[in-house]
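Could you walk me through this structure, step by step, as if I were seeing it for the first time? I would like to get to know a few of its residues along the way.

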Amino acid sequence: MRVYNFSAGPAVLPVEVLEQARDEMLDWRGTGMSVMEMSHRGKAFVSIAEQAEADLRELLRVPNNYKVLFMQGGATAQFAAVPMNLAGPDDVIDFVNTGSWSKKAIGEAKRFAKVHVAADAGEPYTSIPPVETWQLSPNAAYLHYTPNETIGGVEFHFVPDVKATLVADMSSTFLSRPIDVSKFGVIYAGAQKNLGPSGLTVVIVREDLLGKARPGTPTVLDYAAVAKDGSMLNTPPTYAWYIAGLVLQWIKRKGGLEAMAKLNQAKAEKLYAAIDSSSFYRNPVAKEARSWMNVPFTLAKPELDKTFIEEAKKAGLVTLEGHRSVGGMRASIYNAMPMEGVDALVSFMKEFERKHG
Ligand code: PMP
């Protein structure tokens, strides 16, 4: 039986995609083999890879002067790859710190360049500092921010208007809505939320930023080298790339990113409305910064957390535990979570409050 899986990632995938993968598992379109077994340089896989890139470009309307790279190492590798490719050791990088993932990116960047935290939301990281208050460096190599903090549930519902080259860790908001790629120098995202299985990382980089990697940058992290070989300078995560391709086609069938955004907003509003209408549940995030993707909430009686998780599981609602660093609950409601899943969660919450509130 399929459950409603509220995991933050690896996360729920569309059932149709899993069914298609199952149907194509043993014999991909007459090749007599699984995609997993194919050479990444063979005609069959190259067609899969190219189609996925074309679909991604179409969905995000990626301008022609941007490369789309299919890399490995997760967003965590990009925490290092971005400074290695875009900054020298003496350059300053500006950061906006809105929570756990911003901090990780900052920590890693400090190993490679001078880091200046231009804005810091401060504990408990439930808001976004107003852009007018950001203390931007005059000559920053770039400004890095985290459009969606997966743990804190804090999301930018706007793209900051700054002069510096903008770099965004879009891991947990990628493909959840349309974005204007031309506003960014680099966008990166681990696949395992809205795109597909873990193991694949997408990087979208403006071409004029290529070819500036510092000496010593590992070849697999050098954007220019990866771009030159069409993301195949070594063996890419072929199966993850294939599944990502199926997910992209699924998004297209569903009406593209405009349709995703509409549904995601409706799902999120329904869940926040349920939380706000009760004194039993609470979400601490400033209203204008509440994430459409990750909805953390706490119970008025934290001693009931375990019971909540157990009873939810019995009702087919799983992986609702908050991140181990914060506790409480968190419902991640990515593209592939249907409205029915949110409805089931809201009904369960009402019933749980009635019983235990
Ligand atoms: N950034 C964000 C916003 C994330 O949500 C995550 C993973 N949850 C990461 C970075 C780290 O990604 P990875 O595990 O792919 O390295």
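The paragraphs below start at the ligand and then visit other places along the chain.

Please keep in mind from the start that this is a predicted model. A good place to begin is the ligand, which sits in the second largest pocket. Which residues surround the ligand? The shell is made up of G74, A75, T76, F79, W101, N148, T150, D169, S171, S172, Q192 and K193. By character, these shell residues divide into three nonpolar, seven polar and two charged. Helix α3, which covers residues 74–86, gives the most to this shell, with four residues.

Now look at the contacts with the oxygen atoms of the ligand. In A75, the backbone takes part: one of its N or O atoms lies 3.2 Å from a ligand oxygen. With T76 it is the side chain, where an N or O atom is 2.5 Å from an oxygen atom of the ligand. T150 also takes part through its side chain, placing a polar atom 2.4 Å from a ligand oxygen. As for how covered the ligand is, it exposes 400 Å² when taken alone, and the protein buries 84% of that.

One member of the shell, S171, deserves a second visit. You can find S171 in the loop between β8 and β9. Is S171 buried or exposed? Its relative accessible area is 10%, so S171 is buried, the limit for that label being under 20%. The side chain of S171 has two partners to look for. One is the side chain of D169, with which it makes a polar contact at 2.7 Å; D169 is itself listed among the residues around the ligand. The other is the backbone nitrogen of G190, which the S171 side chain reaches at 3.3 Å.

Stay in the loop between β8 (166–169) and β9 (186–190), and you will also come to S182. At 43% relative accessibility, S182 counts as partly exposed, because that label lies between the 20% and 50% limits. S182 and V68 are 114 residues apart along the chain, and their C-alpha atoms are separated by 13 Å.

Next, follow the chain to T217, in the loop between β10 (201–206) and α5 (223–228). T217 has a relative accessibility of 12% and therefore counts as buried. Its side chain reaches the backbone oxygen of R214 at 2.7 Å.

For a contrast, turn to two residues with the label exposed. K228 belongs to helix α5, and it counts as exposed because its relative accessibility is 70%, where the label needs over 50%. From K228 to G107 the C-alpha distance is 30 Å, with their positions 121 residues apart in sequence. E132 is found in the loop between β4 and β5, and its relative accessible area of 72% is why E132 is called exposed. The C-alpha atoms of E132 and V3 are separated by 44 Å, and the two residues are 129 apart along the chain.

The last part of the tour concerns the backbone. Most residues other than glycine have a negative phi, and most peptide bonds are trans. With that in mind, which peptide bond is cis, with omega near -10°? The bond from G9 to P10 fits that description, and P10 is placed in the loop between β1 (4–5) and α1 (15–23). The peptide bond from E123 to P124 is cis as well, with omega near 0°. P124 is in the loop between β4 (114–120) and β5 (142–145), and E132 lies in the loop between β4 and β5 too.

Two residues are worth a look for their phi. S231 is not a glycine, yet its phi is positive, near 60°. You will find S231 in the loop between α5 and α6 (238–253), where a relative accessibility of 7% means that S231 counts as buried. T319 also has a positive phi, about 60°, although it is not a glycine. The place of T319 is the loop between β13 (317–318) and β14 (329–332). There T319 has a relative accessibility of 36% and so counts as partly exposed.

Notes:
Residues numbered from 1 in each chain as written. Predicted model: local features only at pLDDT ≥ 70, side-chain atom pairs only at ≥ 80, totals over all residues. Heavy atoms only, no water. Near = heavy atom within 4 Å. Polar contact = N/O pair within 3.5 Å; in protein donor to acceptor, adjacent residues only side chain to side chain. Areas by Shrake-Rupley, 256 points an atom, 1.4 Å probe, with all protein chains shown as cover. 1 Å grid on protein atoms, 1.4 Å probe; cavity = no way out; pocket = protein on both sides within 12 Å on 5 of 7 lines; lining within 4 Å. Sits in = over half its atoms within 2 Å of the grid points. Helix = DSSP H or I, 4+ residues; strand = E, 2+ residues; numbered from the N terminus. Nonpolar A, V, L, I, M, F, W, Y, C, P; charged D, E, K, R; others polar. Buried < 20%, exposed > 50% of the residue type's maximum accessible area, 1.4 Å probe, protein only.
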